[in-house]
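Subject: A structure for you to explore

Hello,

I am passing on the structure we talked about, together with some notes on what I found in it. Please keep the 3D view open while you read.

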Amino acid sequence: MQTKTNRLLYLSYADVTRVELTMTDIIESMERMFRAKGEGKTEMPPKPGIHPGGGDNFIHAMPAYIPAMNSAGIKWVSGFPENFKRGLPYITGLLILNDPATGLPIAVMDCEWITAMRTAAATAVAARRLARPESSTLGILGCGVQGKTNTEALNVLFPLKQVRAYDVNPEAVRSFAREISPRFDLEVIPVDTPKDAVTGCDMVVTAGPILKKPHATIQAGWWDAGAFASLVDFDSYWHPDALKETDKFCTDDVPQLRHYQEVGYFQDIPPVYADLGELVAGKKPGRETPAERTIACNLGLAMDDMAVAPTLYQRAVDAGIGTWLPL
Ligand SMILES: NC(=O)c1ccc[n+]([C@@H]2O[C@H](COP(=O)([O-])OP(=O)(O)OC[C@H]3O[C@@H](n4cnc5c(N)ncnc54)[C@H](O)[C@@H]3O)[C@@H](O)[C@H]2O)c1
């Protein structure tokens, strides 16, 4: 029975950023979540999607429940690759958080910032197990939101010194260098070819557009022995022969990967070695030798968002941030 006291907290993009959760906080929340996932103590169906306008546009529904974090909810997130032509972000959407005890919605929040940060934190959680701990050189292909947040997240866990930055849009590289270099005290080297952001790098992050049919720019022989790669844009950037040079191809959720394969993505990828839950829960070893080439192809999970949203909500409540709305 609805009462007059039922209400929810609305957090706009500006409200969400004002909470000032740090990347370190988010990485630790993701660690807890992936451990619970590895122990089989989470619930998350593969994400259904619709595709307005066709092409590579999507809007996905992403529900998840993480009992250990008292978290339940759903993200409704859009990815529209052509949005930049309208001056709009690639990724936009809303997240609804529910009270797991009653099912009532307790918050609605903008999900752009959470998506930017938790995706990068998932790269870091994977890299902690799959990259060489002394990794100091990072290649970024696609210097937008994910290029920046992935650099931030890897800088939390690794002794980064140099970032080689490539983007088809030179202004994106300039903006990346202007922001990242002073903020994290890193040497940012703009490079003119994708190969220069791959060869010679300890870690490589590809974060351009997600395409059903990969442009497959990165060729076999480009990435070094001992390197780690995070495929934020799925397999779009990688030629299948380059992917097959990996010793360990990991993902964040196998059922979701299979779901994507059924709808036409990932048509030529190596066999999956482990999911991130298995690595974090210690069920499978990560990197075992310095020479292995390792890949994390994280698809982005509803659980990533639900690992972060309750803390964001609670800190917003404590700090008096946001707008209360009646149900
Ligand atoms: N796996 C996940 O969990 C997850 C989550 C969020 C976003 N993503 C994906 O990450 C990608 C980047 O998202 P974003 O929010 O950073 O977008 P963005 O628009 O901020 O940045 C994308 C950048 O890629 C550049 N680019 C386009 N084609 C390129 C190419 N061939 N080589 C190099 N750079 C190229 C663009 O100029 C732009 O600077 C998107 O594909 C998005 O769908 C994945």
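The notes below go through the sheets, the cores, the ligand site and two single residues. One thing to keep in mind from the start is that this is a predicted model.

**The mixed sheet**

Let's begin with an open sheet of seven strands, whose order is 2-3-4-5-6-1-15 and whose pairing is mixed. Strand 2 (49–50) and strand 15 (323–326) are at the edges; each has a single partner strand, so one side of each has no neighbour in the sheet.

You can see the mixed pairing by looking at strand 1 (residues 7–11). On one side, strand 1 runs parallel to strand 6 (residues 105–110), and three bridges join the two. Here L11 has M109 of strand 6 as its bridge partner. Strand 1 is also joined to strand 15, this time by four bridges, and these two strands run antiparallel. To find this pairing on your screen, look for R7, whose bridge partner in strand 15 is P326.

**The parallel sheet**

There is also an open sheet of eight strands, with parallel pairing and the order 9-8-7-10-11-14-12-13. Its edge strands, strand 9 (187–190) and strand 13 (274–275), each pair on one side only.

Try following strand 12 (residues 248–251). Which way do its side chains point? K248 and C250 point one way, F249 and T251 point the other way, and all are buried. This fits a general pattern: in a regular strand, side chains alternate between the two faces of the sheet. Strand 12 is joined to strand 14 by four bridges, and they run parallel; within this pair, C250 stands opposite A296. Two bridges link strand 12 with strand 13, again in parallel, and T251 has D275 of strand 13 as its bridge partner.

Elsewhere in this sheet, strand 10 and strand 11 (residues 228–231) run parallel and are joined by four bridges. In this pair, V204 stands opposite A229 of strand 11.

**The cores**

Which residues touch the most other members of the largest nonpolar core? Among its 72 residues, they are M30, M109 and L312. Helix 3 (residues 112–130) gives the most to this core, with 11 residues. You have already met M109 as the bridge partner of L11. Look at L312 too: apart from neighbours within four places in sequence, L312 is in contact with V16, V19, L21, M109, W113 and I114. A second, separate core has 28 residues, including Y260, F266, I295 and C297. As a general rule, nonpolar side chains in soluble globular proteins tend to be buried together.

**Around the ligand**

How many residues surround the ligand? There are 25, and the closest are Q146, D167, G208, Y237 and N298. Three distances are good ones to check for yourself:

- From a side-chain N or O atom of D167 to an oxygen atom of the ligand: 2.6 Å.
- From a backbone N or O atom of N298 to a nitrogen atom of the ligand: 2.9 Å.
- From a backbone N or O atom of G300 to an oxygen atom of the ligand: 3.3 Å.

On its own, the ligand has 860 Å² of accessible area, and the protein covers 84% of this.

**Two residues to look at**

The first stop is T206, in strand 10 (residues 203–206). Is T206 buried or exposed? With a relative accessible area of 0%, T206 is buried. Its side chain makes a polar contact of 2.7 Å with the side chain of D233. Leaving out neighbours within four places in sequence, T206 is in contact with L141, I218, S230, L231, V232, D233, Y237 and W238. One of these, Y237, is also among the closest residues to the ligand.

The next stop is G286, in the loop between helix 8 (276–280) and strand 14 (294–297). Why does G286 count as buried? Its relative accessible area is 13%, and the cut-off for buried is under 20%. Apart from neighbours within four places in sequence, G286 is in contact with R129, L130, K248, Y273 and L279. You will recognise K248 from strand 12. G286 also gives you a distance to try: G286 and H259 are 27 residues apart in sequence, and their C-alpha atoms are 25 Å apart in space.

Enjoy exploring, and send me any questions you have.

Best wishes

Note on methods: Residues numbered from 1 in each chain as written. Predicted model: local features only at pLDDT ≥ 70, side-chain atom pairs only at ≥ 80, totals over all residues. Heavy atoms only, no water. Core = buried A, V, L, I, M, F, W, Y, C linked by side-chain atoms within 4.5 Å. Buried < 20%, exposed > 50% of the residue type's maximum accessible area, 1.4 Å probe, protein only. Contact = heavy atoms within 4.5 Å. Near = heavy atom within 4 Å. Polar contact = N/O pair within 3.5 Å; in protein donor to acceptor, adjacent residues only side chain to side chain. Areas by Shrake-Rupley, 256 points an atom, 1.4 Å probe, with all protein chains shown as cover. Pairing = 2+ DSSP bridges.
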